[in-house]
Structure formats: C-alpha cells, structure tokens
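Reader: Hey, I'm hunting for pockets in this one. Can you walk me through what's there?

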Amino acid sequence: MVCFEEETGILFSQDAFGGFGTLDGAIFDDQLNWDNYREETIRYYTNIVGKYSVQVIRALKKLEGLDIKMICPDHGPVWRENIGRIVGLYSDLSEQKTEDGVLIVYGSMYGNSEFVAESIARALSEEGVRNIRIRDISKTHISYLISETWNYKGIILGCPTYNVGLFPPMENLVEVLKKQKMKNHILGTFTNYTWGGGAEKKFAEFAEQSKWEVLPTTVDVMGLPGAEDFEKCRQMAKEMAEALKK
C-alpha cells in the first residue's frame, strides 16, 4: 500500500523503492553516491521483495500516469531529483532482467571444490566471458548471494557431498533459492566426493524444480580433480558461453 499526496506530488511508498545501507549523512538521493548505493538497493529488493515481483509489476502499473515529484520510502533516501532512476531499477528488477555474466558459488572443505570453481572460471574467461564473479559460500553472507544470483544470467553452483547431501551452507542457499521464484537463468553444477556421492542428486532435484535452463554437462569429481575432470570443466564453460550468446 502506498499513499499519493496530490497537491505536493509526494508518494509515500512504504517498502517500495527502498534499500539497505546507511546514508552516511545524506537524506536525499542527490546527496549520495548512487554507484555505492545501487548495490544495496538491489540487495534489498531481491531479499525482501523479490519473490513478490508479479505483485510489484502490478503495483508499478497503478502508479503510471501520476505526476510524482518526490518519493518517500520507509528505507533509504528520499527521492526528489532522480525519480526515474529508482522507478526504472525497480521495473527492471521486477521483470527479472539479468546481466550476461556468470556467478560461481562454491563450498569447499579441503580445497578440491575451490580448485574446480577456479578451473571453470578460467575456462569461461578463455571462452570470452568477461563478467565473472566467484563467491565462497562459507565466507559470503547469503543476502549477497541472493542478490548476485538475481543479477547474473549464468549461475554455477558447486560443493562437496556431505552426509549423502549438499554441503550445509549450499543446502541452505538452494532451499532459499527455491522460494525466491527466480527466472531467466542458466544453471550449471559441479560436485565432489570421497567414498560416496549424493550432492549431485540434490543439485539435479533443484535443477528440475527451478525450471531454469540447465547445462548438459555436470562435473562430479572424486577427490582432487584430474585431466578428465578439467576437460569437463572446459566443456561446461563452453556450454555456458554458448548459452549466454543465445
């Protein structure tokens, strides 16, 4: 629910058009560095509002035609100078527009899965992909992972098997992603095991439920990756690069 004051043209937008982060002395949008604040706005949207994007699209349509002079949200700056900037960003986010890049999120207990993640990233670079980001799930807060997953078209998830399932931090991320209802992504997965697998089956279940485009090649490594595993990494990177070009 929002309230529009017609005489002054002020939209009291509550949670809409808000963002995380301190304003560091600023009150209005023209008093802060938007490049720094933009990422926190995206993180706010994707974590708090994202799964309700269909409703956001409907709400934005109701605001069309209003002569908005200022937006006062519950969180973040008061928008008085660049109203089109924040409305446009919310519109893009609600339509789930993605960047033609790849986010690689990995979990690793002994360094083997990290090795695979780095190998895939290197192969992606050799395939001409320039927008690549690698995240260690054990060191990155899940709110940032959700935000970046929303942002990148290509998503590659990888971790070792843990008790015949996913490495716990990855299991948590996967469960959260199931509820986020994200669209327009291409998924690749890799796993690692020692005496018995299981993580690859959990990733396969997630791939089916997510309804994302899924790369044909998966990488399932036993211990330290070898020549055959690295070849699969290159094949996965090639498939991802080709999918992004489409």
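**Pockets and their linings**

Author: Sure. In this predicted model, strand S2 (10–14) and helix H2 (53–63) each supply at least two residues of the lining of the largest pocket.

Reader: Which element gives the most to that lining?

Author: H2 does, with six residues.

Reader: And what volume does the largest pocket have?

Author: About 370 Å³. Its lining is made up of 15 residues, and those closest to the centre are Met1, Val2, Ser13, Ala16 and Ala59.

Reader: How do the lining residues divide into nonpolar, polar and charged?

Author: For the largest pocket you get 10 nonpolar residues, three polar and two charged.

Reader: Ok, switching topic. What's the volume of the second largest pocket?

Author: That one comes to about 310 Å³.

Reader: Which residues lie nearest its centre?

Author: Met109, Tyr110, Thr161, Thr194 and Trp195, out of 16 that line the second largest pocket.

Reader: Which helix and strands each supply at least two residues there?

Author: Helix H4 (112–126), strand S6 (152–162) and strand S8 (186–193). S6 has the largest share of that lining, at three residues.

Reader: And by class, what does the lining of the second largest pocket have?

Author: Seven nonpolar and nine polar residues, with no charged ones. The lining of the largest pocket, by contrast, does include two charged residues.

Key
Residues are numbered from 1 along each chain as its sequence is written. This is a predicted model: local features need pLDDT of at least 70, side-chain atom pairs count only at pLDDT 80 or more; totals for chains, interfaces and linings use all residues. Side-chain values use heavy atoms; hydrogens and water are left out. On a 1 Å grid over the protein atoms alone, a cavity is a set of points where a 1.4 Å probe fits but cannot get out, and a pocket is an open set with protein on both sides within 12 Å along at least five of seven lines; lining residues have an atom within 4 Å of a point. Grid points are joined across faces, edges and corners, and a volume is the space filled by probe spheres set on the points. Helices (H or I, at least four residues) and strands (E, at least two) are DSSP runs, numbered from the N terminus. Ala, Val, Leu, Ile, Met, Phe, Trp, Tyr, Cys and Pro count as nonpolar, Asp, Glu, Lys and Arg as charged, and the others, Gly among them, as polar.
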